[in-house]
Amino acid sequence: MMLPEWLEAPYQLASQWRHNRAFHHALLLTGTNGVGQHFFAERLAKLLLCENIAKAPCGVCHSCELAKAETHPDWLTLDGSQGTIKVDAVRQVVSKVSNKPQLGHTKVVLIYDAHNMNINAANAILKALEEPPSSTYFLLTSNTSRSLMPTIISRCQRLTLANPTTEQTIHWLQQEGKQGAGELLWFSQSPFRLLQLAESSSAEMMQSLPADLSRWLGGEIRSDELVASVNNERLRDFVDGVSALIHIALNYSVTGSCQKDVKNTVENLLTHYDLYRLMTISSNLTQLKADLDKTHLNPTIQLIGELNSW
Ligand SMILES: [Zn+2]
């Protein structure tokens with residue numbers, strides 16, 4: 001994948017740090033969810049691991065080859081995007097980086113969604129940041145640095161990734177061969193979220209959701225027909241999509257503007273329900289999502305029950 005346009009400037013900056021041997025041993029990457037922190041952090045890991053510092057990443061050295069194959073022994077990851085990072089995982093990683101690099105000159109610890117470290121894990125990382133093992137770089141990502149311990153933040157250099165413009169997002173999705181995802185900007189403005197959606201099995205369902213919901217509101221299709229393409233895998237996207245349309249409708253009632261792709265649906269929603277009802281529906285959908293985790297009832301049946309109660 002090419003470096004997206006909105007990440008070029010911060011990447012140039014980080015490259016300069018590396019080439020001047022001025023890269024801070026701990027870098028905190030912040031930005032909105034889906035702006036590309038993870039992708040960017042991986043690029044930086046490759047930049048740091050390359051053995052030809054002046055030309056990094058050269059793409060041809062042994063380190064570059066292993067990094068590309070994702071088998072570099074000095075590239076360690078703690079992943080908070082899948083749940084809480086626990087202290088044992090941190091200890092294992094810290095113990096590994098306290099040894100010499102196995103291969104080149106540097107070691108990289110990537111911490112995705114660092115705000116998902118529990119307190120013990122955060123303290124263990126803090127200790128490592130205070131007394132960094134030699135030639136080790138810590139790259140932390142977070143969409144909400146407010147939930148990080150201030151002592152961790154104070155040990156890191158910070159780099160904030162700015163959001164792309166709508167045009168940049170659309171252009172990039174086209175480059176990635178996902179033109180259709182550009183029609184989902186009503187659902188998310190985050191380029192990487194849109195890319196993920198376009199690559200998931202929900203793509204088609206989400207693209208037709210505004211029109212389908214309108215048809216359902218107009219009585220053209222039944223609830224079971226509206227959710228016909230929803231399975232367990234797509235359920236969350238469906239609920240999030242309907243919630244997003246309701247939020248847009250609430251917003252539209254105040255501002256009088258919204259993306260033209262969903263204007264028809266939004267006006268339909270406002271014709272059928274008053275604002276108070278829309279707010280209730282919105283909170284019911286939030287509750288439904290929470291319940292889906294807890295109950296073993298058929299989720300599609302729960303969803304149809306919810307729609308029929310509107
Ligand atoms: Zn290299």
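The following exercises, with worked solutions, concern a predicted model of a protein.

**Exercise 1. Describe the overall layout of the protein, from its extent to its domains.**

Step 1. Taken along the principal axes, the box filled by the C-alpha atoms is roughly 65 × 40 × 35 Å.

Step 2. Two domains are assigned: domain 1 covers 5–160 and domain 2 covers 200–308. Their C-alpha centres are 39 Å apart.

Step 3. The secondary structure of the protein comprises 14 helices and five strands.

**Exercise 2. Determine what share of the residues is buried, and what share of the contacts links residues 24 or more positions apart.**

Step 1. A residue counts as buried when 20 or more other C-beta atoms lie within 10 Å of its own. By this criterion, 35% of the 310 residues are buried.

Step 2. Consider the contacts with a separation of 6 or more: 71% of these are made by residues 24 or more positions apart.

**Exercise 3. Establish which residues of helix 7 are buried, where they lie around the axis, and what they pack against.**

Step 1. Helix 7 spans residues 166–175, and its buried residues are Thr-169, Trp-172 and Leu-173.

Step 2. Viewed down the axis of helix 7, these buried residues fall within an arc of 100°, and therefore they line one face of the helix.

Step 3. Glu-167 and Gln-174, on the other side of helix 7, are exposed.

Step 4. The packing partners of the buried residues are helix 1 (5–19) and helix 8 (191–199).

Step 5. After helix 7 comes Gly-177, which has a positive phi, near 75°.

How values were computed:
Residues are numbered from 1 along each chain as its sequence is written. This is a predicted model: local features need pLDDT of at least 70, side-chain atom pairs count only at pLDDT 80 or more; totals for chains, interfaces and linings use all residues. Domain bounds come from an automatic or database domain assignment. Helices (H or I, at least four residues) and strands (E, at least two) are DSSP runs, numbered from the N terminus. A residue is buried if 20 or more other C-beta atoms lie within 10 Å of its own, exposed if 12 or fewer, and partly exposed in between; C-beta atoms are placed from the backbone. Two residues are in contact if their C-beta atoms, placed from the backbone, lie within 7 Å. The arc is that of the directions from the helix axis to the C-beta atoms.
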